[in-house]
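Biologist: I've got the sequence and the model open side by side. Could you walk me through one part of it closely, and then show me how the rest sits around that part?

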Amino acid sequence: MACCPTCGQAVPPLQIFIDNKYVVRGEASVRLNAQEMVVLKLLINASPHSMTKDRFIMAIYDDSEPEHPVSALRGIVCHLRRKIAPMGLEIRTHCGTGYSLHSDAEAMHEAKRLVTRRRVA
């Protein structure tokens, strides 16, 4: 189990319930909507690298893009950022290009494993 770099206490493992769109870490849990889950999965798969806004937009909207897709993406990321912050997951903005996901190494490894295997933890 990972330890908090600030206080040294054990940090519980991250769990992602892909089909039910839940993210859980210790006592904190959140339900995501379909678009937020798509963004989170893309961020996890790209981590530690960033992903472009265009790739997010293509994955979220297919052929049914809203009138202002970049603004819509910003809103999705804003809501997702607030929801997953209590789990120790941080979405970083790369000015003009896209977003990346950051957390402790153990949480990112576990998240990638869960998303790759589509495991319901």
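Modeller: Sure, let's start with one pair of residues: Val23 stands opposite Val30 in β5. Keep in mind that this is a predicted model. The Val23 pairing belongs to the contact between strand β4 (residues 22-25) and β5, which run antiparallel and are joined by 4 bridges. As a reminder, strands of a sheet pair through backbone hydrogen bonds, either parallel or antiparallel.

Step back a little and you'll see an open sheet of 3 strands in the order β3-β4-β5, with antiparallel pairing. β3 (14-17) and β5 (28-31) are the edge strands, each pairing on one side only. From one strand to the next, the twist averages 10°. Helix α1 packs on this sheet and touches β3, β4 and β5, its direction making about 130° with that of β3.

Stay with β4 for a moment, as Arg25 is found there. Is Arg25 buried or exposed? Its relative accessibility is 7%, so Arg25 counts as buried, the cut-off being under 20%. A polar atom of the Arg25 side chain lies 2.7 Å from the backbone oxygen of Met87.

Now for the helix that lies on the sheet. α1 covers residues 34-46, 13 residues in total, and spans 19 Å from its first C-alpha to its last, close to the expected 18 Å. At its start, a side-chain oxygen of Asn33 comes to within 3.0 Å of the backbone nitrogen of Gln35. The buried residues of α1 are Glu36, Met37, Val39, Leu40, Leu42, Leu43, Ile44 and Ala46. When you look at that list, remember that an α-helix has 3.6 residues a turn, so residues three or four places apart point the same way.

There's a second sheet to look at too. This open sheet also has antiparallel pairing, and its 3 strands come in the order β6-β8-β7. β6 (51-52) and β7 stand at the edges with a single partner strand each, so one side of each has no neighbour in the sheet. Between β6 and β8 there are 2 bridges, in the antiparallel sense, and Thr52 has Gly98 in β8 as its bridge partner. α1 packs on this sheet as well, touching β6, β7 and β8, and its direction makes about 70° with that of β8. α3 packs here too, touching β7 and β8, with its direction at about 150° to that of β7.

The other pairing in that sheet joins strand β7 (residues 90-94) to strand β8 (residues 98-102), antiparallel over 5 bridges. Arg92 stands opposite Ser100 in β8. The hairpin of β7 and β8 has 3 residues between the strands, and Gly96 takes a positive phi near 80° there.

As for the whole chain, there are 4 helices and 8 strands, following the pattern β-β-β-β-β-α-β-α-α-β-β-α along the sequence. Of its 121 residues, 39% count as buried. Among contacts between residues at least 6 apart in sequence, 49% join residues at least 24 apart.

One last thing, on how far to trust the model: the mean pLDDT of the chain is 83, with 82% of residues reaching 70 or more. Confidence is highest in helix α3 (residues 69-84), at a mean of 95, and lowest in strand β1 (residues 2-3), at 56.

Notes. Residues numbered from 1 in each chain as written. Heavy atoms only, no water. pLDDT = per-residue confidence, 0-100. Expected span 1.5 Å × (residues − 1). Buried < 20%, exposed > 50% of the residue type's maximum accessible area, 1.4 Å probe, protein only. Polar contact = N/O pair within 3.5 Å; in protein donor to acceptor, adjacent residues only side chain to side chain. Pairing = 2+ DSSP bridges. Axes fitted to C-alpha atoms, helices over the stretch in contact; angles between N-to-C directions. Contact = heavy atoms within 4.5 Å.
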